[in-house]
Amino acid sequence: MLLLRQLFDVAGGGPETDAFKHLAAAFTVLRSLGSAKTASNSESSRIGHFIEVQVTDGALYRTKIHCYFLDQTRVVRPLTGEKNYHIFYQMLAGLSADERAKLHLEGCTLSSLRYLRQGDTRQDDKEDARRFEAWKSCLGVLGIPFMDVVRVLASVLLLGNVTFADGPGIEVEVQNQKELHSVAALLGFNAQALQRGLTSRTHNVRGQLVKSLCDANMSGMTRDSLAKALYCRTVATIVRRANSLKRIGSTSGTLSSSDDSHVHLDAQSAHASTVGTAGSRASKSMSVLNSAVRHATDGFIGILDMFGFEDPKPSHLEHLCINLCSETMQHFYNTHIFKSSLESCREEGITCEVEVEYVDNVPCIDLISSLRTGLLSMLDIECSVRGSPETYLQKVRVAHKNNGRLLEARATQPGCFGVQHYAGTVVYTAADFLDTNKDCVPDDLVSVFHKQNCSFGFASHLFGSELKALYSQETVPRGVSFRISPTSHTDLQNGDEPVSTLTQDFHTRLDNLLRTLVHAKPHFVRCVKANGAEEPLAFERPTVMRQIRALQLLETVNLMAAGYPHRMRFKAFNTRYRLLAPSKLLRRTEEKAVEDCRLILESFRATLAPSIVQQENVSTGWALGKRHIFLTEGARQQLEQLREQIRRRAAVLVQSAWRGWRVRRRWPQMRRNMEHRQRNKSGPTRPRPQPIAGTPPPDALDRCDQKTIQQTCSLFGLDLERPPPLPRARSYTVAGNKKMGYPQGRIMKMTFPEGGGEVTLLKGEKVVVVGAATRRGHLLVQHPAGTVAVPYQFMELKPLPLPT
């Protein structure tokens, strides 16, 4: 937010603009929905963000938020000592008694809700209530109905208390009927339909549909899948809503509006986007328009906030994906900082005295994500053949028996394996790898949300693409499954289930992100944690040193101090620093670019302070290669400092010359004015100006005497002391040749207000105008919440029968 605020201050109109307020509101909402307390950070973001700020003609055109991953397992099973997502705790602390009653949460506490009592149950009620009020107001800024979102969140919490038990027969029994009815009421359908969706499954066996009943374990897994799907899709809907605000071609934006145009995401590789698509003709035409606008922009400024290295106990599949992302970002950092700098020097014949020995983590990345024998690829194969965690571990050990990065777990940790990451060794528990990777919801449960069965439109919208694909054929349900995460419409052709898994989806998005970073000019911000207790003014040396060694910051400092980390083309160097040399000596041609560089550097060396040259710890050297000029960090800083000083002196010189010329030009008039003031300071009053020569004086006969004026006023009833009052505002409207008094009926031509609000008048709605508003050009419209001032352009005058 600090970076975005600075960008808006420079080019976007400042933080008071609507675009920045919408962006700040979106991040406030996503902070509660996507952050949770972990073992290492009480405010850990569980969503990978990429903020894309598109720039056109030096101004900010649009800002979009891309989310890459969401820790789904935390919704139903937070780890011991950690917490679920912040919004659940804030909601329980901030809801009023009436809102709790509407959401069926009377008497619910952290200890009574199964999805919350598994983790840390400590809570700061006042702070959570304050954040919940801010979250609620920010939802209103985005135009998202507050009760729609909290109904879904309350149903997620209550779903955790719905338990199952195997009965004496083949049917499974629901032990908590009260919670089941509450969840069904919140989601807008009857309890029997929800129970059938949770406890029954349709299978397609060689073209024949077979119904079967689930046992208690399978019903519990289906319940958890539904809870994760509701939460993930709610977050994705809010992200889509935030991205749809203030875009070209959209006046208001609705929850169903879609925009899946990513600068860094190809249409062919869009496997399953977090923001999703609706697949309608309107959305396709909007994508074409946004694509055309995107190519017309000058580029974008991206801010990437991705996951760091994590070592929880136990570690699951989501943590393996997070650590893969951390490994990939570390490899990109190594390649950009170390490898590219050193190899560029060797290619152009530059002898670099410093030799940086950095840890190459490519073997660890290959172990996890290689195409055939990677841990994630083998997991996808095991899911396709319906294997087990034991067979998966056995195949992994056989395929990587000679890999030093894969470690055997202890005998006390069955079903586990270890991976040697760049920042340490992590032991992963493979018991839930297959179930988490499948990431699916059966169509028996998805069909319950169809509009024929569900009266809650927001809940139906969460499964909009899946329902459209499912009901494209007559047979429903027919034994297909859909992703828990929102799925792109292109992945649901002919109602078939998508082939992607959780790891495939994550790997695709990570590849798309890397394509963007490779073609960008990155700047890195390294975050170091000072202590493990998150206390101010506390510096733990072992904690800091471990992070510095893992992030290879010492090697980076060594390269910056003694190597040539910066390189520039000769032409670009001359363009930026040619003001350091005498302009008469520069050739300014491409053939003489190297000679111009030498002249600039000689002038730079001559102007350097002797104290700086004599310092041993500051390197101000450079080297000329075949195509580039290589600079040390000290030389680059001194060049920039000297360039800024010369530019500042030139600006002062130009301003002083212009101000002197302006004052000299105005000086004769200023001198006459001062002399005139001095003469008249103590003399007589200034005489009245005489008429212009050649203008005849007025005729005495044309003047009106006082007697004539008095007679005219008496004849017409005028009073010279008191002018006549202004006429009162008319209480009618002129339409054609008729006068129409108030109240009068009108029809809304456009939705007011455009961005949505507490009181919204929809297009085509019939309204009653009761009079003119005090604000110019506005009329008072009758509304159940009171009168609303609406501009007359938003309404069309049509005589309507007024209510009696």
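**Figure 1. Met-670, a partly exposed residue of the predicted model.** Met-670 has a relative accessibility of 32% and therefore counts as partly exposed, in a model that is predicted. This value lies between the limits of 20% for buried and 50% for exposed residues, which means that neither of those two classes applies. Met-670 has its place in helix H27, which covers residues 633-679.

**Figure 2. A nonpolar patch on the surface that includes Met-670.** The patch is formed by Val-663, Trp-667, Met-670 and Met-674. Together, these residues have about 340 Å² of accessible area. Met-670, one of the residues of the patch, belongs to helix H27.

**Figure 3. Ser-344, a buried residue in helix H13.** Helix H13 spans residues 317-347 and contains Ser-344. The relative accessible area of Ser-344 is 6%; because this falls under 20%, the residue is classed as buried. When neighbours within four places in sequence are left aside, Ser-344 is in contact with Arg-567 and Phe-630.

**Figure 4. The chain from which the close-up views are taken.** The chain has 804 residues, of which 45% count as buried. Its secondary structure comes to 28 helices and 24 strands; helix H13 and helix H27 appear in the views above. Among contacts in the chain between residues at least 6 apart in sequence, those joining residues at least 24 apart make up 64%. The accessible surface of the chain comes to about 44,600 Å², and carbon and sulfur atoms account for 53% of that surface.

Key. Residues are numbered from 1 along each chain as its sequence is written. This is a predicted model: local features need pLDDT of at least 70, side-chain atom pairs count only at pLDDT 80 or more; totals for chains, interfaces and linings use all residues. Side-chain values use heavy atoms; hydrogens and water are left out. Patches are made of residues with over 30% relative accessible area and no salt bridge: like charges are joined within 9 Å, nonpolar side chains (Val, Leu, Ile, Met, Phe, Trp, Tyr) within 5 Å. Accessible areas come from the Shrake-Rupley method with a 1.4 Å probe; for residues, only the protein chains shown count as cover. A salt bridge is a side-chain nitrogen of Lys or Arg within 4 Å of a carboxyl oxygen of Asp or Glu. Helices (H or I, at least four residues) and strands (E, at least two) are DSSP runs, numbered from the N terminus. Buried means under 20% relative accessible area, exposed over 50%, partly exposed in between (1.4 Å probe, protein chains only). Contact means heavy atoms within 4.5 Å.
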